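Here are a few exercises to work through with the model open beside you. Try each one before reading its solution.

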Amino acid sequence: MKKIYLIIVAIALIMSACSSNKVKIRGEVKDLVGTVKLLAEMPGQQGMVVLAQQEVSDGKIDLETEQLQIPARVWIDIAGKNTLTTIVDSKDQIWIQGKAKFPDQIEVKGSGLDKEYSKLKKMFAEKYEGPIEPIDKNIQKLMNKEKRNANDEVMLGVFQLQRQRYIRARANYVKNLIEANPTQELSLFLLQDELQDSTDLQKRLFKLINVPNKESNLYKTVAEKMQ
């Protein structure tokens, strides 16, 4: 009896190991009918890769893949109506919800990393993007003038300088944040999303990053871009 029990336990452990990489993304979008796709950037491959695909007829979404090593950023194509972007940081906690008739309101929840990143992006919008909006309007107004006088040219230069100050301040903030948090996965997202205009800075900061999981899709895809 004891031997049979040990065999059962061994089989259970083997089965568990075989499915250890399975990531599930589920949800329900009312009245949704169509093809739902799960896509991601994969190490060693160009462009987006379709990891899972499902024909939905009753609004219920059930996507599974064993190709991801989390954390990873994924894109979910909701029958061509909307494409959701999220960070997968757990194997069975990501949930999609909404109504097909309101595609722009369909949302994906369940990722702690995505929630943290959303807070940062909200802060960026308030601190940097908001103040730049009226500056951009003033620049566009001057650029649209058929004839600009000397004062217009001076003001155009002033507005462009103001704009650059906000951009530099944002980049410096991100740089300092990465330097202060080299073991956090969010630093990898900030590195590739916020500092695209400075490849040298990206590569220098990447050398400082020391996240615990270097086998994740996130780390490997960023590492390839830094080569």
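**Exercise 1.** Find which residues Ile 96 touches, leaving out those up to four places away in sequence.

Solution. Contact means heavy atoms within 4.5 Å. With that cut-off, Ile 96 touches Ile 25, Arg 26, Gly 27, Glu 28, Val 29, Ile 61, Ile 76, Ile 78, Leu 84, Ile 106, Glu 107 and Val 108. Next, place Ile 96 in its core: the largest nonpolar core has 27 residues, and Ile 96 is among those with the most contacts inside it, along with Ile 25, Ile 61, Ile 76 and Ile 78. (A nonpolar core is a set of buried Ala, Val, Leu, Ile, Met, Phe, Trp, Tyr and Cys residues joined through side-chain atoms within 4.5 Å; buried means under 20% relative accessible area, exposed over 50%, partly exposed in between, with a 1.4 Å probe and protein chains only.) A second, separate core of 24 residues includes Tyr 117 and Ile 209.

A note on the source: this is a predicted model, where local features need pLDDT of at least 70, side-chain atom pairs count only at pLDDT 80 or more, and totals for chains, interfaces and linings use all residues. Residues are numbered from 1 along each chain as its sequence is written, and side-chain values use heavy atoms, leaving out hydrogens and water.

**Exercise 2.** Work out whether Asp 31 is buried or exposed.

Solution. Start with the backbone: phi of Asp 31 is near 70°, a positive value in a residue other than glycine. Now the surface: Asp 31 has a relative accessible area of 61%, so it's exposed.

**Exercise 3.** Say which residues the cis peptide bond joins.

Solution. It joins Ile 70 and Pro 71, with omega about 0°.
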